[in-house]
Amino acid sequence: MIIRDKNIEKFINYSGKKLNAPQQSIIMGVSSLVFQPYINRKNKQLDEDTRDMAVARSIGKSITGNISDFLTRVFSIFAVAKLSNYAINKVNTDDDFVMEIKPKSKLDIFTPNLKEDFVPRPRKEFFKDFKSYQMAMGALVATGLAVFVKTTVELPATKFLTDYFYRKERLKKEKNAKTDSNE
């Protein structure tokens with residue numbers, strides 16, 4: 001994709017550097033909750049009952065999908081951070097370089113063991129890189145966990161919320177029809 005507008009390019013670069021996976025899921029969730037029901041409501045190719053079901057389903061799906069997506073991402077990033085403790089070299093140099101990294105314990109399964117492949121770098125740069133690694137690994141773990149969450153939690157919750165919002169919409173329509181016929 002070629003981007004010619006400098007403002008759009010700045011926004012994409014900013015969001016890629018500054019927004020983490022949970023923040024991105026919130027943005028997508030709010031967008032879907034705002035736009036999708038409106039689009040479904042305005043679809044004149046469907047009959048009234050099908051439109052009501054489409055609106056209810058999009059609301060239910062947006063709520064459950066985005067809440068579970070957000071919580072899965074937050075949990076995964078938190079778990080990776082807790083299971084990636086590390087020990088760095090004890091050598092104090094003038095430049096304060098990190099010369100090696102290794103897991104602190106056997107529970108630190110997400111700490112890379114980089115004895116041969118580690119490139120020495122300043123401590124500040126290492127901390128920044130390691131934080132990025134934890135966020136990326138957390139997003140990767142969240143992707144795998146999402147398969148489980150979507151089939152066991154999200155599908156039943158979506159059905160429940162869809163039924164709830166559909167009944168609510170039908171009751172509102174029936175109430176409006178009764179008041180219109182009484183006038």
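Is arginine 51 counted as buried or exposed? At 9% relative accessibility, arginine 51 counts as buried, where buried means under 20% relative accessible area, exposed over 50%, and partly exposed in between, with a 1.4 Å probe and protein chains only. The model is a predicted one, in which local features need pLDDT of at least 70 and side-chain atom pairs count only at pLDDT 80 or more, while totals for chains, interfaces and linings use all residues. Residues are numbered from 1 along each chain as its sequence is written, and side-chain values use heavy atoms, with hydrogens and water left out.

The pLDDT, the predictor's confidence in each residue on a scale from 0 to 100, averages 85 over the protein, and 92% of the residues score at least 70. Among the elements, which are DSSP runs numbered from the N terminus (helices, H or I, at least four residues; strands, E, at least two), helix α3 has the highest mean pLDDT, 91, and strand β2 (residues 97–98) the lowest, 78.

The structure holds 13 salt bridges, a salt bridge being a side-chain nitrogen of Lys or Arg within 4 Å of a carboxyl oxygen of Asp or Glu. One of them joins arginine 51 to glutamate 48, with the closest N and O atoms 3.0 Å apart; both residues lie in helix α3 (residues 48–82), 3 residues apart, or about one turn of the helix. In contrast to the buried arginine 51, glutamate 48 is partly exposed, with a relative accessible area of 35%. Salt bridges that share partners join these two residues with Arg41, Asp49, Asp52, Glu169, Arg170 and Lys173 into one network.

Within this network, the side chains of arginine 41 and glutamate 169 meet at 3.2 Å, N to O. Arginine 41 lies in helix α2 and glutamate 169 in helix α4 (residues 123–182), so the pair ties together parts that are 128 residues apart in sequence. Arginine 41 is partly exposed, with a relative accessible area of 22%, whereas glutamate 169, at 16% relative accessibility, counts as buried. Aspartate 52, placed in helix α3, counts as buried at 0% relative accessibility. Residues up to four places away in sequence not being counted, aspartate 52 touches Arg41, Tyr166, Glu169, Arg170 and Lys173, contact meaning heavy atoms within 4.5 Å.

Another salt bridge is formed by lysine 6 and glutamate 9, whose closest N and O atoms are 3.8 Å apart. Both residues belong to helix α1 (residues 6–18) and are separated by 3 residues, about one turn of the helix. Lysine 6 counts as exposed at 57% relative accessibility, while glutamate 9 is partly exposed at 32%.

Turning to nonpolar residues, the largest nonpolar core has 6 residues, namely Ile88, Val98, Ile101, Phe118, Phe126 and Phe130; such a core is a set of buried Ala, Val, Leu, Ile, Met, Phe, Trp, Tyr and Cys residues joined through side-chain atoms within 4.5 Å. Phenylalanine 118, its neighbours within four places in sequence left aside, is in contact with Val98, Met99, Glu100, Ile101 and Phe126.

Isoleucine 2, in the segment before α1, is exposed, with a relative accessible area of 69%. The C-alpha atoms of isoleucine 2 and leucine 145, which are 143 residues apart along the chain, are separated by 34 Å.
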